[in-house]
Amino acid sequence: MKRQEQTWGKLLKYYRQKKKLKQDEVALGVCTPSYLSRIENGIVIAEYDLYEQLFANLNIDFTNLQHDISEHTTFLESVYEKLLSNVTVSESDTVLLTTLMQNEYSIELQITAKLIYSRYLYSIKEDTDARKLLNEIEPVVSWKKDRITELFVSITAFGHLSFSEFDLLAEKEQDAQYLTNVHPFELANYHYHLAFANHRSYKFHKALQHIELAAHYFTHQFKPLFQLKLYSMKGVIYNDLHRYREALQEYEAGIELLENVESIQTPMQWSSLHNNIAYCYECQDDFQKASEHYETANQYDEDLHSAINWMRTCYQNKDFTQLEKLFHRYEEQLFSIQHHIYQRKLLQYAIQNEHIIQGLKELEEQAFHHFNEEQYYALTLFYAPLWGQFYEQLHAYKHASQCYKQALFASEKVRQRMSS
C-alpha cells in the first residue's frame, strides 16, 4: 500500500466525524457503509474516483486537498533534509513548521511536523525540549515501516548522541529494520550515528561495520560535509584499532576534500582533521610529526583539547622549551574538562627538577582515579609508567609497582576493546 493512499481513508474519517456525519450518509450513492469503514481504517485502498466521490459528499475538493497535503509533506521533508545536511533552517521555515504542528486535518502531517521540529530543537541545542516532544509522540508510533516510525527512530538516535547515551544507542542497531525504505542519505546518517555510539562505547569492530555501512549507503551523493565526517570517523576507528596506515589514508582523503571544496573549509574542520592526524602519529611514537599537526590544528582553531594534546606530545618529544611556552599560553584556569586539568598538572609536575613522593602521590591519586573511572585507559598507559619511573628514581619501589600494575590493568582493558 502506498503511504499517501493510506492517509486518504484517515482523512475521510477525520472530516466525516468533524462534520458529524454517519458512514451511510457519506457512502450514499458511492459504496456501502461497510466498505467505507474498511477504507477509513486502512484495510483497503479504493480507486481514485471513489475517493473523489466520497470527499465530494463531504463538500471537499479532493484534488485541492491532495495538493495541500503534498505541498506540506514536501516542505517537511525539505526541512528534514536540511537538518540532516547541517544546513541552517530559516526563520520562515520554522514558522511554517510550528504552524503545521497545529494542523488538524491530517494527524500524520501534524506528528511529522512535531518530529521534525524536535530534530530542529536538537540542532539548536534545546535538547531537553526536543526529548520532551519525542516522549509525547512515542505512544502513537506504530513501529511499522511508515514515515512516522522512520523519523522517530532516526531522530531518537540523534537524541541519544546529544545526551551522550552511547551505550543505549549502540544497543538499538536492530531498529535499522524500520529504515529499509528511507532515502539512502537518511540511512547513511543513521549508521553514522551507530558508528559514533559504538566507538564511544569502545566497540571498535562494531563501529567499523556501521561506518562502512554508512559509506555504502552514501555512495554517489554529493554532500561534502557528510563525506568529511565519514572520512574522519573511519580514520578515528582505524586508529583505535591500531590500523594506522589505513587511518592516515582516510585523513588524507579528508584533507584532499577540504582543499577542493571551499564551502566546507572552516577553521573547525581543518583543526579537527589535523588533531586526528596528530593523534595518529602520537600513537605511533612519531612525536615530531604529532607536535607539528597539533600546532597546525591550533593555528586553524584554538582548542583546549588540541592544546593539551600538544603539551603531552612536546613532553614525549623532549621539547621542554615549547612545553614551557604552552604552559604560559594556556594557564590552568582556562581548562574546564577534568582530564585536561589533570594532564596539565601532571605534565607541569613532570618537568620539575625535583620530585617528592608526597607530590607524586597526591597527583597520582587524583588523576589516575579519574582516568580509570572515565575509562581513559590511553592516558593511564602514558602517565602511570611515567610516574612509576619517578618513584623508582626516589627508590619508592612499592609505589612504582602500583603504577605499573595500573598500566597493566589499562593495557588489558585496551586489549579487550581491540578484540570486542
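Buried means a relative accessible area under 20%, exposed means over 50%, and partly exposed lies in between (1.4 Å probe, protein chains only). The structure above is a predicted model, in which local features need pLDDT of at least 70, side-chain atom pairs count only at pLDDT 80 or more, and totals for chains, interfaces and linings use all residues. Residues are numbered from 1 along each chain as its sequence is written, and side-chain values use heavy atoms, with hydrogens and water left out.

Welcome to the exercises.

**Exercise 1. Find where F335 sits, and decide whether F335 is buried or exposed.**

Step 1: Place the residue. F335 belongs to the loop between α18 and α19 (338–350). Helices here are DSSP runs of H or I with at least four residues, strands are runs of E with at least two, and both are numbered from the N terminus.

Step 2: Apply the cut-off. F335 counts as buried because its relative accessibility is 6%.

Step 3: Look across the chain. F335 and H305 are 30 residues apart along the chain, and their C-alpha atoms are separated by 9.1 Å.

**Exercise 2. Treat Y80 and I124 in the same manner: which elements hold them, and how accessible is each residue?**

Step 1: Start with Y80, which lies in helix α5. Its relative accessible area of 3% makes Y80 buried.

Step 2: Find a partner for Y80. Y117 is 37 residues away along the chain, with 8.8 Å between the two C-alpha atoms.

Step 3: Turn to I124, in the loop between α7 and α8. With 39% relative accessibility, I124 is partly exposed.

Step 4: Find a partner for I124. T88 is 36 residues from I124 in sequence, and the C-alpha to C-alpha distance is 9.9 Å.

**Exercise 3. Work out which residues of helix α8 are buried, and where they lie around the axis.**

Step 1: List the buried residues. In α8 (residues 127–137) these are D127, A130, L133, L134 and I137.

Step 2: Check the arc. They lie on the same side of α8, because they cover an arc of only 130° around the axis. The arc is taken from the directions that run from the helix axis to the C-beta atoms.

Step 3: Recall the geometry. An α-helix has 3.6 residues a turn, so residues three or four places apart point the same way.

Step 4: Inspect the other face. T128 and K132 are exposed residues on the face of α8 turned away from its buried side.

**Exercise 4. How many salt bridges does the structure hold, and which parts of the chain do the pairs of E108, E173 and E302 link?**

Step 1: Count them. There are 15 salt bridges in the structure, each a side-chain nitrogen of Lys or Arg within 4 Å of a carboxyl oxygen of Asp or Glu.

Step 2: Take E108, which pairs with K10 at 3.0 Å between the closest N and O atoms. This pair links distant parts of the chain, 98 residues apart: E108 is in helix α7 (residues 107–123) and K10 in helix α1 (residues 3–18). K10 is partly exposed, at 45% relative accessible area.

Step 3: Take E173, whose side chain meets that of K206 in a salt bridge (3.5 Å, N to O). E173 is in the loop between α10 (166–170) and α11 (184–200) and K206 in helix α12 (residues 204–217), so this pair ties together parts 33 residues apart in sequence. Partly exposed describes E173, at 29%, and K206, at 28%.

Step 4: Take E302, which forms a salt bridge with R329 (3.0 Å, N to O). Here E302 is in the loop between α16 and α17 (304–316) and R329 in helix α18 (residues 320–329), 27 residues apart. R329 is partly exposed, with a relative accessible area of 43%.

Step 5: Add the network. Salt bridges also link E77, R147, E150 and E186.

**Exercise 5. Where do N86 and D285 lie, and what is the sign of phi in each?**

Step 1: Recall the background. Most residues other than glycine have a negative phi.

Step 2: Examine N86, in the loop between α5 (62–84) and α6 (91–100). Its phi is positive, near 60°, and N86 is partly exposed at 48% relative accessibility.

Step 3: Examine D285, in the loop between α15 (267–283) and α16 (287–300). D285 is not a glycine, yet its phi is positive at about 65°. D285 counts as exposed because its relative accessible area is 54%.
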